[in-house]
Amino acid sequence: MSIYLHNITKKYGATAVVDDVSLEIEQGELFVLLGPSGSGKSTILRMIAGLAPLDGGQISLNGRDVTHLPPQKRHTGFVFQNYSLFQHMTVAQNIGFGLEIQKVPRAQRKERVEELLTLIEMQEYGNRLPAQLSGGQQQRVAVARALAQKPDVLLLDEPFGALDVKIRGQLRQNLREIQQRLNVTAILVTHDQEEAFELADKIGIIDKGRLLEIGTPDQLYRHPAHRFTATFLGNANLFNAHRNGSTIYIGEKRLPAPPNTEFLAGKPVQMMFRPEEVVIASASHPLDGNVFGEGIIESIAFAGALERIAIKLDPSGELIQALISPEISRQLGLRPGDAVKIGVKNFHLLPLE
Amino acid sequence: MKERNLSFGGILLLAIVLIYAGVLLLAPVLALVSNTFQNGFEPFWNAITDGEALGTLWLSIRLAVLASTFNAILGVMVAWVLVRHTFWGKGFLNALVDLPLVISPVIVGYVMIVLFGRLGWLKDFPIKLAFSWEGMLVLTVFVSLPFVIREIQPVLSGMGKEQEEAAFTLGATPWGTFWRVVFPAIRHALTYGIVLTLARSLGEFGAVAVIGGGTQGSTESATIYIYRSLNDRNYAGAYSMALLLGIISVVILIIMNNLRIHKRGG
């Protein structure tokens, strides 16, 4: 176990910004802490680095209890959102800073700095000052600086937040490559679900200081255990339901229960399906699969490769979001105000909170 | 040279500025120089090599250097606390820093006499502050207090604490982080603040005149010497010392301008 958090808690006054969080991360894993701003995810990272003291709990890194160690003795590499390079030092001096502190001999230091400059593909930039670099280049230097002393864990606090979209994508790939090549354990904090999906081996969902659930991107998207996860990771249609026997009751409607949901038998549940699971047919035509209901198209919006359609369910008036390919939409001749049948390909059940 | 297209308003503004600068700055300097050398170079040389005059200048320089050293160290600490720490009464303390700029130095000198004088409430204070050079030093420190603080504050808050935290995670101690990371960042602002402090201290008259009493040979600074020389109709002495102080100020001004360019360039 590379990183082990046991019931860690951080309070400001009476409110817990980090509330009893426990977590285990394997060696070489890239773990993403995903949550809205103010959810406490950055604080967790700062607690691991020793930059924010704990009010309770325990932290181990590579089997070493670091709970009461200062940041200097934790062997973590930290990358900040605003790069935080030392402005008066060259790129090479920035990367070599930690080695210099540890009194690594000059020749050895130089060799390691060269190695890292090669790793981030910035060999010719060693003598530049941070102010002479682009944001993306500065962040690469910050990553190299954090890796210079071969830390037990690399901690990245919204590292791409200040960069524009195009560079962000490129840097994500670079980071993933570097992290896998060095097989270094890493935790990345972000509020961007797309970033989490692209990078993470595993994602931990944080809300109001609590770690709600952990899973692979695929698991969390398809089979979330919490309503928050369902709505934070993309769009979700949610309906209160009840599971009885092998049937789901949603108001007057009945659908066969999906497999592996026996543990929810007899309990109030929520039925969840993603907009891309919705199928639409004209009112007069038959529909493949489960018929969920009928409704009136409220709006149709362009959403890149797909069309985003909002349907007002009859008679309850609840809104259903659907993603439909433009071809199908054209075949059906869909227009706002049309009456349609709504079907659901796959759906998921989660406990009602 | 860039092409200049000045409108009538622009020309008028420029003229006003030039006349203003001429009347307020250039004319007094010219008058001072011409008065100083109206009887040739010798009276000037005699006046500034006079033992008494040199003594007052020495006292002024000593006060300025000591006050600047003190305010440099204290200023960094106060700026640090005001930027990096949160505590009850911080806003009040921050406002208090500007007090020396808005309160008349003469009043501060008078208050000091009332407190530390022979009949004052704190007359048993172990260091004699009334009518002593130590008292003059305390007041010089007071009147030049804000400059270093106000120069460093924006630099510190602008750089944020992440660089320091990065240094911590890389193994640097707080003390090591200060010297390797923070000090290089505030160096130019600090020097600029010290230069301002020096200039302000050298020119101080009211506060040091009141607290020191201007006793010849002991608590008479260069500015007090000028004042006394004028009263005694020793014009050669007054003009010469004034010119000398003026030259020192100009030198400081030049240093300051160079630093400002440096500061802007990062």
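A cavity here is a set of grid points where a 1.4 Å probe fits but cannot get out. Keep that in mind as we walk through this predicted model, beginning with its enclosed spaces and ending where the chains meet.

By this rule there are two cavities of 30 Å³ or more. The largest encloses about 130 Å³, and 13 residues line it, with A:R140, A:L171, A:N174, A:L175 and A:I178 lying nearest its centre. Two helices of chain A, α4 (135-147) and α5 (165-182), each give two or more residues to this lining, and α5(A) provides the largest share, six residues. In character, the lining divides into seven nonpolar, two polar and four charged residues.

For the second largest cavity, with a volume of about 50 Å³, look to chain B. Among its lining residues are B:S60, B:L63, B:T140 and B:E204. Here α3 (51-84) and α10 (174-203) of chain B are the elements giving two or more residues. This lining comprises three nonpolar residues, five polar and one charged.

Now turn to the interface. Chain A brings 22 residues to the contact and chain B brings 16. Together the chains bury about 1,700 Å², with 61% of that on carbon and sulfur atoms. A:Q72, A:H88 and A:F97 stand out, supplying 29% of the area that chain A buries against chain B, more than any other three residues.

Two salt bridges link the chains; in one of them, A:E100 pairs with B:R180, their closest N and O atoms 3.2 Å apart. There are also five residue pairs in polar contact between chain A and chain B. On the chain A side, α1 (41-49), β6 (76-79) and α2 (91-101) each give two or more residues, and α2(A) gives the largest share, four residues.

Note on methods:
Residues are numbered from 1 along each chain as its sequence is written. Chains are lettered from A and ligands numbered from 1 in the order in which they are written. This is a predicted model: local features need pLDDT of at least 70, side-chain atom pairs count only at pLDDT 80 or more; totals for chains, interfaces and linings use all residues. Side-chain values use heavy atoms; hydrogens and water are left out. Contact means heavy atoms within 4.5 Å. Buried area is the accessible area (1.4 Å probe) that two parts lose on being put together, summed over both. A salt bridge is a side-chain nitrogen of Lys or Arg within 4 Å of a carboxyl oxygen of Asp or Glu. A polar contact is a pair of N or O atoms within 3.5 Å; within protein, one must be able to donate a hydrogen and the other to accept it, and residues adjacent in sequence count only if both atoms are side-chain atoms. On a 1 Å grid over the protein atoms alone, a cavity is a set of points where a 1.4 Å probe fits but cannot get out, and a pocket is an open set with protein on both sides within 12 Å along at least five of seven lines; lining residues have an atom within 4 Å of a point. Grid points are joined across faces, edges and corners, and a volume is the space filled by probe spheres set on the points. Ala, Val, Leu, Ile, Met, Phe, Trp, Tyr, Cys and Pro count as nonpolar, Asp, Glu, Lys and Arg as charged, and the others, Gly among them, as polar.
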